[in-house]
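Colleague: I have a new model open and would like to learn how to read its features one by one. Could you walk me through it?

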Amino acid sequence: MPQSVIVLGGGIIGLSSAFEAARRGMRVTVIEPGVFGGQASGAAAGMLAPFSENTEQPDDFFQLCLRSLRSYPSWIAAVEELSGLQTEWIQSGSINVFMHEADVLPIHSRLHWQNEWGAEAQLIDAAQLRGLEPQLAASAVSGIFLPHESHVYAPKLVAALETACRRLGVVLLDHAGEIDDVVVHTGGGVTIRARSLESAIHADRLVVCAGAWAGAYERWFGLSIPIHPIRGQICSFEHHTNEINHMVFSSQAYWVGKKNNRLICGASEDVAGFETSVTERGIGRLIRSSNQLFPFLENKQTAHRWAGLRPATRDGQPLLGQLHSVPSVIIAAGHYRNGILLSPVTAAIVADLLEGKANDFNINAFSPSRFTL
Ligand SMILES: Cc1cc2nc3c(=O)[nH]c(=O)nc-3n(C[C@H](O)[C@H](O)[C@H](O)COP(=O)(O)OP(=O)(O)OC[C@H]3O[C@@H](n4cnc5c(N)ncnc54)[C@H](O)[C@@H]3O)c2cc1C
């Protein structure tokens, strides 16, 4: 009998882990209190940008991000083939834009180490900037061009993963309501009870992928899970698809054009508990940054405004691994700003742990017990 697995949480991390485990022959059930992809994963801009997101050093986290970017081609091919759905993965490259010459001075050491890791990053001047993005404001003085960064339409990737999981025979239980009880049996196996499920669900192993809500599991596993929600407010404008061709990052915001004629501009970072409303202040900042960097957006109304809750840990890095105290339980949560990027590598690590296989990537830095004294 193949191993049975319960995945708790149906965001991109839970669905990706379920997909990979099912592809490797395991019997998987995903329990989602609400809607699949209804939280951070459905709100994300979908940028796959390990170099733009990690500017300081090639630490373990950067290496995890880079490995995940590199697994995207085969990952997307598998998800699209099994689901029959498109995810709008676009290998656009990205530009980090600088408004002051002084900002460029510390860039050389970043370029040096990132190019050692295969970024093929180029420092570009004002003329080259406008050659790549003609709509940029004249005040942009230089930039870094990163040809290998890309983006995906996050809600479509989530939908494709859900369909692919279903086709692989994964049992998908949404609207399950609050998780009422988690029992880890001493003889092996776990039992989950959820408010709206008629009966308890049993399996050999448990994978907790509850995003910003993962802290709720502290009481069942007796370890500290310091994950808290950081709200990201984000908006979009109508645009023509060729108006902005690359992902563009400034010190204030980022912009990414989607195939549906929407230019996404994100994202604020604020602490508002589990509140997912948008505020005039949060969106206003994004509009001002947009007008400053892309004058053609001046006087344009936003087409859509929304927010999501990034799952943040105290050190900004995910909790990823098996619990020493309860080895039948794996935690994969706290992916903060990079959960879409990190979904393929997380799924591979989770599936390796389920199979008891040594992963060739050292995940000690992400140990779920690192905050437990
Ligand atoms: C505005 C914004 C923009 C972003 N842009 C990007 C980007 O461009 N690139 C990128 O890589 N990342 C981006 N992110 C981050 C990314 O969205 C997250 O890191 C990622 O979605 C986390 O996935 P997740 O599955 O862990 O969490 P979620 O998608 O939040 O899923 C967690 C699920 O757990 C469920 N749940 C709730 N309570 C429980 C419980 N008790 N037990 C079990 N399940 C529970 C929730 O209903 C939810 O569906 C962005 C985030 C935001 C908010």
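Modeller: Gladly! Let's start with a strand pairing: β4 and strand β6 (residues 142-146) are joined by 5 bridges and run antiparallel. Helices (H or I, at least four residues) and strands (E, at least two) are DSSP runs, numbered from the N terminus, and two strands pair if DSSP finds at least two bridges between them. Within this pairing, F98 has S142 of β6 as its bridge partner.

Colleague: Before we go on, what kind of model is this, and how are residues numbered?

Modeller: It is a predicted model, in which local features need pLDDT of at least 70 and side-chain atom pairs count only at pLDDT 80 or more, while totals for chains, interfaces and linings use all residues. Residues are numbered from 1 along each chain as its sequence is written, and side-chain values use heavy atoms, with hydrogens and water left out.

Colleague: Thanks. In which sense do β4 and β14 pair, parallel or antiparallel?

Modeller: Strand β14 (residues 247-249) pairs with β4 in the parallel sense, over 3 bridges. There, S94 has M247 as its bridge partner.

Colleague: How should I read the two faces of a strand?

Modeller: In a regular strand the side chains alternate between the two faces of the sheet. In β4, S94, N96 and F98 lie on one side and I95 and V97 on the other, and all of them are buried. Buried means under 20% relative accessible area, exposed over 50%, and partly exposed in between (1.4 Å probe, protein chains only). Since 5 of the 5 residues of β4 (residues 94-98) are buried, the strand is largely enclosed by the rest of the structure.

Colleague: And how do I read a helix in this way?

Modeller: An α-helix has 3.6 residues a turn, so residues three or four places apart point the same way. Take α6 (107-116). Its buried residues are I107, R110, L111, W113 and Q114. They pack against α3 (50-53), α4 (60-83), β4, α5 (101-104), β5 and β6, where a contact means heavy atoms within 4.5 Å. So β4 comes back here as one of the packing partners of α6.

Colleague: What should catch my eye in the backbone angles?

Modeller: Most residues other than glycine have a negative phi, and most peptide bonds are trans. Just after α6, G118 takes a positive phi of about 85 degrees. E120 is not a glycine, yet its phi is positive too, about 55 degrees. E120 sits in the loop between α6 and β5 (122-125), and is exposed, with a relative accessible area of 51%.

Colleague: Which residue in the turn between β15 and β16 has a positive phi?

Modeller: That is N261, at about 60 degrees, in a hairpin with 4 residues between β15 and β16. N261 is partly exposed, at 32% relative accessible area. The two strands of this hairpin run antiparallel, joined by 4 bridges, and G257 has L263 as its partner in β16.

Colleague: What else does β16 pair with?

Modeller: Strand β13 (residues 228-238) pairs with β16 in the antiparallel sense over 5 bridges. I234 has G266 of β16 as its bridge partner. β16 is mostly covered, with 4 of its 5 residues buried.

Colleague: Where is there a cis peptide bond?

Modeller: The bond from G266 to A267 is cis, with omega near -25 degrees. A267 lies in the loop between β16 (262-266) and α10 (280-293).

Colleague: Can you show me another hairpin?

Modeller: β9 and β10 form one with 5 residues between them, and G188 in the turn has a positive phi of about 110 degrees. V184 stands opposite V190 in β10.

Colleague: Finally, how does the whole chain look?

Modeller: The chain has 11 helices and 19 strands. Its radius of gyration is 21 Å, close to the 21 Å that the globule rule (2.2 Å times the number of residues to the power 0.38, with the radius taken over C-alpha atoms) gives for 373 residues, so the chain is as compact as a globular protein of that length. Buried residues make up 55% of the 373. Among contacts between residues at least 6 apart in sequence, 74% join residues at least 24 apart.
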